[in-house]
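Dear colleague,

Here is the structure I promised to pass on to you, with the sequence alongside. My notes on what was found in it follow below, arranged by topic.

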Amino acid sequence: MDNARLAEALHDHTAGFAAAAGKADPDGRVPTCPEWPVRVLAGHLGQAHRWAASIVREGPSPVPDPFDADPGAPEQWPDWLREGAADLEAAVQAAGDTPVWTFFGPQPARFWLRRMLHDTTIHHADAALLTGTDFTVAPDLAADAISEWLEVLSDPVTASLNPAFAQLRGTGQTLRLEPDAGRGWLITRTPDGVRWTRETAAADVTLTGPVPDLLLVFTRRLPLDRITLTGDEALAAHWLAHTAA
């Protein structure tokens, strides 16, 4: 997936978020992000895009507090959010293949474009679920979002960022995500952390369904009963309880 595809999708889901969030009470809570009002969620997105752009241009800076972000009045959100996404795209385009800082060591600047796209996609779903607005994500983007989230969860640094992720260690338990089209994901919980591959093999629990639904279940935005579960339901529930995103 090239940078142009990532940037196009970032703009689409940023606009989708703005349209859905604009229908909500700005001070109302977001059930799938229960600690945040809608206004804070909007602030977080625009703030995160600008923060990622500043990292690409200037290097690391402290993670900003979403409650410090000021997205302005709701009618200003579409323009403010669009400007943040455009700023990030421009920064990544200017950086080219130059390695930049990430939590996981130096990586090409597109790391931040991809990370912010998938974060934005999930928060677009948050706003859509809250307001009853239609939400769609292209299957290729949903599949890449699952892979990217597994890359994050399997990096040894991740457990130091959120202690809950350390609880994903195990003794060989396996989970499989099986889309109705394309290759699935086999996840293994080892004493050293999460391991995963894009292979088909038997697992202790298998989640089956359209890849967009698998993404939203996997990120705790839809309940398990939206897809088909075969095998150890307690194992799936434990995984989801320790992967809040």
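**Salt bridges and the second largest pocket**

In this predicted model, the side chains of E151 and R114 form a salt bridge, with a nitrogen-to-oxygen distance of 2.9 Å. The pair connects distant parts of the chain, since E151 sits in helix α5 and R114 in helix α4, with their positions 37 residues apart in the sequence. The two partners fall into separate classes of accessibility: E151 is partly exposed, because its relative accessibility is 36%, whereas R114, with a relative accessible area of 14%, is buried.

Both residues also belong to the lining of the second largest pocket, which is made up of F104, Q107, P108, R110, F111, R114, E148, E151, V152 and D155. Two or more of these lining residues come from each of β4 (107–108), α4 (110–131) and α5 (139–154). The volume of this pocket is about 180 Å³, and its lining comprises four nonpolar residues, one polar residue and five charged ones.

The total for the model is 12 salt bridges. As background, side chains of opposite charge can pair when their charged atoms come close. One of these bridges joins the side chains of R50 and E83 at 3.8 Å, again from nitrogen to oxygen. This pair, too, links distant parts of the chain, with R50 in helix α2 (residues 38–58) and E83 in helix α3, 33 residues apart. R50 is partly exposed, as its relative accessible area is 24%.

Another bridge, between the side chains of E8 and R5, has a nitrogen-to-oxygen distance of 3.8 Å. Here the partners lie within a single helix, α1 (residues 3–21), and because they are three residues apart, about one helical turn separates them. E8 counts as partly exposed at 44% relative accessibility, and R5 is likewise partly exposed, with a relative accessible area of 25%. Through salt bridges that share partners, R5, E8 and D140 are joined into one network.

**The largest cavity**

Turning to enclosed space, there is one cavity of 30 Å³ or more, and the space in the largest cavity comes to about 30 Å³. The residues that line this largest cavity are L175, L177, L207, F218, A236, W239 and L240. The elements that contribute two or more residues to the lining are β5 (173–179) and α8 (233–241), and α8 provides the largest share, with three residues. In contrast to the mixed lining of the pocket described above, the cavity lining consists of seven nonpolar residues, with no polar and no charged ones.

**The loop between α7 and β9**

Two arginines in this loop deserve a separate paragraph. R221 is placed in the loop between α7 (211–218) and β9 (228–231). Is R221 buried or exposed? With a relative accessibility of 6%, R221 counts as buried, because the cut-off for that class is under 20%. As for the partners of R221, its side chain makes a polar contact with the side chain of D126 at 2.7 Å, and it also reaches the backbone oxygen of T219, at 2.8 Å.

R220 is also in the loop between α7 and β9, but this residue is partly exposed, with a relative accessible area of 39%. What you may wish to look at here is the backbone: R220 has a positive phi of about 70°, although it is not a glycine. For context, most residues other than glycine have a negative phi.

**A buried leucine in helix α3**

Finally, L88 lies in helix α3 (residues 77–95), and at 0% relative accessibility it counts as buried. Which residues does L88 contact, once its neighbours within four places in sequence are left aside? The contacts of L88 are with L10, H49, A52, A53, W112, L113 and M116. To give a sense of distance within the model, the C-alpha atoms of L88 and T190 are separated by 36 Å, the two residues being 102 apart along the chain.

With best wishes

Terms used
Residues are numbered from 1 along each chain as its sequence is written. This is a predicted model: local features need pLDDT of at least 70, side-chain atom pairs count only at pLDDT 80 or more; totals for chains, interfaces and linings use all residues. Side-chain values use heavy atoms; hydrogens and water are left out. Helices (H or I, at least four residues) and strands (E, at least two) are DSSP runs, numbered from the N terminus. Buried means under 20% relative accessible area, exposed over 50%, partly exposed in between (1.4 Å probe, protein chains only). A polar contact is a pair of N or O atoms within 3.5 Å; within protein, one must be able to donate a hydrogen and the other to accept it, and residues adjacent in sequence count only if both atoms are side-chain atoms. Contact means heavy atoms within 4.5 Å. On a 1 Å grid over the protein atoms alone, a cavity is a set of points where a 1.4 Å probe fits but cannot get out, and a pocket is an open set with protein on both sides within 12 Å along at least five of seven lines; lining residues have an atom within 4 Å of a point. Grid points are joined across faces, edges and corners, and a volume is the space filled by probe spheres set on the points. Ala, Val, Leu, Ile, Met, Phe, Trp, Tyr, Cys and Pro count as nonpolar, Asp, Glu, Lys and Arg as charged, and the others, Gly among them, as polar. A salt bridge is a side-chain nitrogen of Lys or Arg within 4 Å of a carboxyl oxygen of Asp or Glu.
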